[in-house]
Every structure is written in structure tokens, then in C-alpha cells.
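Let's take a friendly walk through a structure together. Have the viewer ready, and keep the sequence alongside it.

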Amino acid sequence: MKEVSTGMDPAKFFALFVSTMIALIVAVTIPSQEKVAYDALTPAINGIYEQAQSQINDPQLESSMELVKLSWNLLGFGIWLSGILAPLVIILSFLAKAGLLDGFDFSF
């Protein structure tokens, strides 16, 4: 098996690895403020939406409400996606700083 060399002092590599693992654990286990706020507000937004739907007779206002609901769901998707991408960015950052990506050509 071919040994992969980082060209980095082992003590620096270990410090980088430990700090990356701490950042990764924090990114995965602690929910972001946006996620907490989104989860707390979603039942209220859904309640307002359902109540408004039963009372609105104007088609233009109904389509505006649908757009608000879609925007809220897209916000939730963005928050979810950032929670997925954050650990990947941390790992790629570690690999780049450690020099483990130096042999790869990322041109398209």
C-alpha cells in the first residue's frame, strides 16, 4: 500500500486533525439558530396559512398565500441543505490544508 505524505510536521497535522474533528462534531451535533427558529415558527406559520385559506375568497390573495408557503418551505430546505453541506466543507477544508488534495486536478 502506498503511504500518503502530507509534507506537514506530524504535530501540526495532529493539531489540524483534532481541531477539524471538534469543528465537525460541533457542526453535526449543535443545531444552528436558524434551524431552531425555523422549527419553532413552522407550526405557527402553518396555522396562519390554514386559517387564512379557510377565510380567503380572493384568488389573487390565495396565490400570494401559496407563494408565502412555498417561500417558507424553500427557506427550510436551504437551512437543511446548509446543515448537510457544513460538515462536507469542514472535511474538504481539512484535506486541503493537510495537502491531501494536492495531486487532484479539479478543472472542468
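What follows goes helix by helix and ends at a patch on the surface.

Before we start, please keep in mind that this is a predicted model.

A good place to begin is helix α1, which covers residues 10-29. This helix has 20 residues, and the distance from its first C-alpha to its last is 28 Å. That is close to the 28 Å expected at 1.5 Å a residue.

Now colour α1 by accessibility. Which residues of α1 are buried? They are L16, T20 and L24. Looking down the axis of α1, you will find its buried residues within an arc of 70°, so they line one face of the helix. The spacing fits a familiar pattern: an α-helix has 3.6 residues a turn, so residues three or four places apart point the same way. What do the buried residues of α1 pack against? Their partner is α3. Turn to the other side of α1 and you meet exposed residues: A11, F14, I22, I25 and T29.

Next comes helix α2, residues 33-55. Here the side chains of K35 and D39 form a salt bridge, with 3.1 Å from N to O. The count for the model comes to 1 salt bridge. Both residues lie in α2, 4 residues apart, which is about one turn of the helix. How covered are the two partners? D39 counts as partly exposed because its relative accessibility is 41%, between the 20% and 50% cut-offs. K35 is also partly exposed, with a relative accessible area of 35%.

That leaves helix α3, residues 59-97, against which the buried residues of α1 pack. One link between these parts of the chain is easy to check in your viewer: the C-alpha atoms of V89 and L24 are 9.5 Å apart, although 65 residues separate them along the chain. L24 is one of the buried residues of α1, while V89 lies in α3 and is exposed, with a relative accessible area of 55%.

V89 also leads us to the last stop, a nonpolar surface patch of about 660 Å². Which residues make this patch? They are F77, W80, L81, I84, L85, L88 and V89. L88, like V89, has its place in helix α3. Its relative accessible area is 45%, so L88 is partly exposed, whereas V89, at 55%, is exposed. Patch members need over 30% relative accessible area, which means that a partly exposed residue such as L88 can take part.

Key: Residues are numbered from 1 along each chain as its sequence is written. This is a predicted model: local features need pLDDT of at least 70, side-chain atom pairs count only at pLDDT 80 or more; totals for chains, interfaces and linings use all residues. Side-chain values use heavy atoms; hydrogens and water are left out. Patches are made of residues with over 30% relative accessible area and no salt bridge: like charges are joined within 9 Å, nonpolar side chains (Val, Leu, Ile, Met, Phe, Trp, Tyr) within 5 Å. Accessible areas come from the Shrake-Rupley method with a 1.4 Å probe; for residues, only the protein chains shown count as cover. A salt bridge is a side-chain nitrogen of Lys or Arg within 4 Å of a carboxyl oxygen of Asp or Glu. Helices (H or I, at least four residues) and strands (E, at least two) are DSSP runs, numbered from the N terminus. Buried means under 20% relative accessible area, exposed over 50%, partly exposed in between (1.4 Å probe, protein chains only). The expected span of a helix is 1.5 Å times one less than its number of residues. The arc is that of the directions from the helix axis to the C-beta atoms. Contact means heavy atoms within 4.5 Å.
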